[in-house]
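The paragraphs below go through one structure step by step. Keep the sequence and the coordinates open while reading.

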Amino acid sequence: MALIEEYRQVGEQAWSWVLEHVRDDEGPWLPGSVEAGWEWAGPPADRDSLYAGVAGLAPVLGEIAETRSEPSLYDGLAGDATALRMLSPPAAPLALQRLEELSGPDGWATTFEVAGEAGRCLHDVVMGTAGVVMTAVWIGGTAGANVTAAGADALIRAAERSEAGLDWGMWSGAESRGPNYSHGTAGIASALAVAGVALDRPELVEAAVLGAQHLLAIGTLDDDGFVVPHTIPPSKREVEPVTYTWCHGPTGTSQLFAALAHAGVDDVNGIGVVELRQRCLRSVLDSGVPRRLRPGFWDNDGRCCGTAGVGDVLLDASQEAQDPILAGRLLAAARTMGDALLERAIRHDAGAFWRFVEHRQDPPLLPPGTSWMQGAAGIAAFLLRLARVVEDGLGATVVDRPDEWWAVPARLRRYASAAPITRPSGL
């Protein structure tokens, strides 16, 4: 395994490389990827987003604040504190109030065109209501309660009965389903579980359990693991029927069982939720990740679809594990992901970056990405966290985020002190 300092060094090099590409044309922006002529193309449409824009730099600042020594406002910790304060309470409730104003009976209408139609109300974690609910619970306060309730009610109305439980598409009436975490039932059920706890509404937790029952019915528990297909019916795209990522595989789906545990659920269909979480992670590690076993199997090292996302969830599970032997195994697996990222890093004077592979295109090597979900920023945050956990132990602070905060012990969460949900009278 790599030395602790190597994780930190490459994480800092990746951060330097990302900052090298921040531009300031009518406000800061990042190119989604760095290829010939990128600086003349101008800012992308999603310049401010968490997925691919400048908002994705904030979680990295949260990691860097652990190790910085420069104190100044414009080049150091005082500046980091300023940025984080601007991006967190008390400023955050203003965004929640705006969400409350925009909510409708079906949730929130996206401004993006999805499947040829603009203005759809999406239900998922990445683009839709489930992600809004998770964020509102995380931030808390009265506005958080109102947004959580509005979103949870919309998700309940959107649920579709299946033979085994409840199912959700990315939007109502969607012909195909990506049932795992980012765009489907696993993520939506997670949002309902944490909302049920925050609002003291057991029926939301019950809906989350029904979502998990549906996933058990369409997935497989073979070989002491648990996997759910990438797409149902099978995708017309050339993708493997089962993938192992945060977005469409058991890495992300494991977070549902952590959410159910947070909600006080012991088991689903007689299988313990703690065991189901471990089954998901066992499937990931038994799959061969992070080795690139064949074209199309493991071509991405990012947070959404690749190595950094797997490593981060393994750290969540290791810091939550009650059994020290299990915790050690999960940490060792996270270090395997970190070591792969060190091996694949491309380093030069400006820092470090990664290039993913798309085996269906010629040439297959993609331009390097800068962003939180698909590039060096997200990878940097994982490597910096990994270095801290290895150095400080499993009790190291977690820079928690809206889509995973329940998966780690509350005592370790940096933002656990954010205002809890305040339920107005009559809610």
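**A walk through the model**

Serine 254 sits in helix α10, which covers residues 250–262. The model is a predicted one. With a relative accessible area of 0%, serine 254 is buried, because the limit for that class is under 20%. Apart from neighbours within four places in sequence, the contacts of serine 254 are Arg277, Cys280, Leu281 and Val313.

Val313 falls in the residue range of helix α12, residues 307–320. Glycine 309 is also found in helix α12. Glycine 309 counts as buried, its relative accessibility being 3%. Leaving aside neighbours within four places in sequence, glycine 309 touches Thr251, Gly302 and Arg303. The C-alpha atom of glycine 309 is separated by 19 Å from that of methionine 1, although the two residues are 308 residues apart along the chain.

Helix α12 also packs against helix α14 (residues 376–392), with the axes 9 Å apart and an angle of about 30°. That angle makes α12 roughly parallel to α14, because angles under 35 degrees are classed that way. The crossing of these helices, α12 and α14, is left-handed. On the α12 side the contact consists of Ala308, Gly311, Asp312, Leu315, Asp316 and Gln319, and on the α14 side of Gly378, Ile379, Phe382, Arg385, Leu386 and Val389. By class, the contact of α12 with α14 has six nonpolar, three polar and three charged residues.

A second helix pair can be read in the same way. Helix α5 (residues 92–102) and helix α7 (residues 141–158) have axes that come within 9 Å and cross at roughly 35°. The crossing of α5 and α7 is left-handed. Helix α5 contributes Pro93, Leu96, Gln97, Leu99 and Glu100, while α7 contributes Ala143, Gly144, Asn146 and Val147. The residues of the contact of α5 with α7 divide into five nonpolar, three polar and one charged.

Next comes the backbone. Most residues other than glycine have a negative phi, and most peptide bonds are trans. Against that background, which peptide bonds are cis in this model? One is the bond from isoleucine 232 to proline 233, with omega near -10°. Proline 233 is in the loop between α9 (202–218) and α10. Another is the bond from aspartate 362 to proline 363, where omega is near 0°. Proline 363 belongs to the loop between β10 (351–353) and α14.

Positive phi values occur at alanine 115, with about 50°, and at aspartate 224, with about 60°; alanine 115 is not a glycine, and neither is aspartate 224. Alanine 115 is placed in the loop between β3 (113–114) and β4 (117–118). Its relative accessibility of 57% makes alanine 115 exposed, because the cut-off for exposed is over 50%. Aspartate 224 lies in the loop between α9 and α10. At a relative accessible area of 49%, aspartate 224 is partly exposed.

Finally, the whole chain. The protein contains 14 helices and 10 strands. Its radius of gyration is 20 Å, which agrees with the value near 22 Å for a compact globule of 427 residues. Along the principal axes, the C-alpha atoms fill a box of roughly 55 × 50 × 45 Å. Of the 427 residues, 54% are buried. Among contacts with a separation of 6 or more, 63% join residues 24 or more positions apart.

Key: Residues are numbered from 1 along each chain as its sequence is written. This is a predicted model: local features need pLDDT of at least 70, side-chain atom pairs count only at pLDDT 80 or more; totals for chains, interfaces and linings use all residues. Side-chain values use heavy atoms; hydrogens and water are left out. Axes are lines fitted to C-alpha atoms, for helices over the stretch in contact, and angles run from 0 to 180 degrees between N-to-C directions. Helices (H or I, at least four residues) and strands (E, at least two) are DSSP runs, numbered from the N terminus. A crossing is left-handed if the near helix is turned anticlockwise from the far one by less than a right angle, and right-handed if clockwise. Contact means heavy atoms within 4.5 Å. Ala, Val, Leu, Ile, Met, Phe, Trp, Tyr, Cys and Pro count as nonpolar, Asp, Glu, Lys and Arg as charged, and the others, Gly among them, as polar. Buried means under 20% relative accessible area, exposed over 50%, partly exposed in between (1.4 Å probe, protein chains only). Angles under 35 degrees count as roughly parallel, over 145 as roughly antiparallel, 65 to 115 as roughly perpendicular and the rest as oblique. The radius of gyration is taken over C-alpha atoms; the globule rule is 2.2 Å times the number of residues to the power 0.38.
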